[in-house]
Amino acid sequence: MSSSARIPATLIAGDGIGPEIVESAVAVMEALGSPFEWDRQEAGAAAMKAAGDPLPAATLDSIRRTRLALKGPLETPSGGGWRSSNVRLREEFRLFANVRPARTIIPGGRFDNIDLLLIRENLEGLYIGHEHYVQIDDDPHAVAMATGINTRQGCRHILEYAFETAIALGRKKVTVVHKANIMKALTGIFLETAQQMHAERYKDRIAMDTIIVDACAMKLVLNPWQFDTLVTTNLFGDILSDLTAGLVGGLGMAPGANIGADAAIFEAVHGSAPDIAGKGLANPTALLLAAAQMLDHVKHHESANRLRKAIDDTLNVDQVRTGDLGGKAGTREYTQALVARIKQG
Ligand code: NAD
């Protein structure tokens, strides 16, 4: 492919295992004849260390220009410290939808034939970071408070995206996950909006049902096959998508796309895995599946399908697997096996 035909895209290595899995993705994408021309930028703890800012202006400028990024995980300190760069990126580029597919790639596990699509609202709810403490007597942290905000417009936006995406992909049903029995306003607005939109615009095009989040978690474990596409608010989506990742082999297998009107950022669902960082053990599959979503996003469907097939064949035919999947391969060996598969054709 000539360089003039290439699509500029921002590449963020990130923290912990980030640089290892991002290098793997770059090598695999290169073998695939990827259309992307990478603009390498920093974010997270690495950027904090290098530039004193977990989300430097150069990184934001790059994404503003390319409107497309592949991103390794970014560390966020728990409790104090800086606000999550992931959340800031989603807010900055209004990435309102987080699309997290969970599909069985290695058959014969505890759960076979899983093919779920979880669509999470990405900008509102309890993630907005409106938190504070109240001092009582000499305890400055005697009371901790958080505000959640869900707007009618935000609900409509994500629900429309979920219905339209499910219909476009030929899926059978959208399940709306909420907690409107307890958080009657905060998640009631989401449930109500879904029911109204479905009745008015979608009832003849796709089935919809609703479920309370705690029951949903239990049913996803007991019988995940009863679900197809799930749509939910920010925090519930965060938690349930780790659950659905667990159904298909763990966090090493779960990709995510953050979609906005003007930009899209692709990443693995998992974090920086500090316990295995720098050891060459990380499974890059989740990030590679995110790269496949990114190829689909720019309508390079054939390359996306070749990449997914190479992953299937490497894991199942060649049986080259990383430790989290019970295999013995390191990141590099698995990457080499994938590259060989892609080159075979
Ligand atoms: P984590 O996802 O990093 O790790 C959880 C467990 O899964 C660990 O045992 C880890 O070794 C394992 N794991 C994760 N990815 C793996 C992979 N690709 N291959 C093999 N094993 C893998 O979760 P955590 O430890 O709670 O979070 C660590 C840091 O990551 C925190 O700072 C958190 O804020 C951040 N985080 C970032 C993102 C993101 O950038 N999108 C998402 C979640 C967490």
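## Exercises on a predicted two-domain chain

Count the secondary structure elements and you get 11 helices and 12 strands. Keep in mind that this is a predicted model. Grab the structure and work through these.

### Exercise 1: Overall build

Work out whether the radius of gyration of the chain agrees with that of a compact globule.

*Solution.* Start with the length: the chain has 345 residues, and for that number a compact globule would have a radius of gyration near 20 Å. Now take the value for the chain, which is 20 Å, so the two agree. For the outline, the C-alpha atoms fill a box of roughly 60 × 55 × 40 Å along the principal axes. Next, look inside: 46% of the residues count as buried. Finally, check how contacts span the sequence. Taking contacts between residues at least 6 apart, 72% of them join residues at least 24 apart.

### Exercise 2: Two domains and their meeting place

Find the bounds of the domains, then describe the side of domain 1 that touches domain 2.

*Solution.* First, the bounds. Domain 1 is made of 1-93 + 262-345, while domain 2 covers 100-251. Measure between their centres, over C-alpha atoms, and you should get 25 Å. Next, the contacts: 13 residues of domain 1 meet 13 residues of domain 2. On the domain 1 side, α4 (85-92) and α10 (301-316) each bring at least two residues. The largest share belongs to α10, with four residues. Sort that side by class and you have six nonpolar, two polar and five charged residues.

### Exercise 3: Around the ligand

List the residues closest to the ligand and sort its shell by class.

*Solution.* There are 20 residues around the ligand, and the closest are P73, T76, H270, G271 and N283. By class, the shell splits into nine nonpolar, seven polar and four charged residues.

### Exercise 4: The faces of α7

Decide how the buried residues of α7 are arranged around its axis.

*Solution.* Step one is to find them: in α7, residues 213-222, the buried ones include V213, C216 and L220. Step two is to look down the axis, where the buried residues fall within an arc of 50°, so they line one face of the helix. The spacing rule helps here: an α-helix has 3.6 residues a turn, so residues three or four places apart point the same way. Step three is to see what that face packs against, namely β8 (173-178), β9 (207-212) and α8 (234-247). Now flip to the other side, where A215, M218 and L222 are exposed.

### Exercise 5: Two positive phi values

Compare the surroundings of R67 with those of A273.

*Solution.* Begin with the background: most residues other than glycine have a negative phi. R67 has a positive one, near 60°, and A273 has one near 40°. Then place them. R67 sits in the loop between α3 (57-66) and β3 (68-71), and A273 in the loop between β12 (264-268) and α9 (285-297). Last, count neighbours. R67 has 17 other C-beta atoms within 10 Å, so it is partly exposed. A273 counts as buried because it has 22 C-beta neighbours inside 10 Å.

### Exercise 6: L295

Is L295 buried or exposed, and what is it in contact with?

*Solution.* Go to helix α9, where L295 is found. L295 has 25 C-beta neighbours inside 10 Å, so it counts as buried. Setting aside neighbours within four places in sequence, L295 is in contact with H300, S303, A304 and L307. For a longer reach, try L186: 109 residues separate it from L295 along the chain, and their C-alpha atoms are 35 Å apart.

Definitions and conventions:
Residues are numbered from 1 along each chain as its sequence is written. This is a predicted model: local features need pLDDT of at least 70, side-chain atom pairs count only at pLDDT 80 or more; totals for chains, interfaces and linings use all residues. A residue is near a molecule or strand if its C-beta atom, placed from the backbone, lies within 6 Å of it. Ala, Val, Leu, Ile, Met, Phe, Trp, Tyr, Cys and Pro count as nonpolar, Asp, Glu, Lys and Arg as charged, and the others, Gly among them, as polar. Domain bounds come from an automatic or database domain assignment. Two residues are in contact if their C-beta atoms, placed from the backbone, lie within 7 Å. The radius of gyration is taken over C-alpha atoms; the globule rule is 2.2 Å times the number of residues to the power 0.38. A residue is buried if 20 or more other C-beta atoms lie within 10 Å of its own, exposed if 12 or fewer, and partly exposed in between; C-beta atoms are placed from the backbone. The arc is that of the directions from the helix axis to the C-beta atoms.
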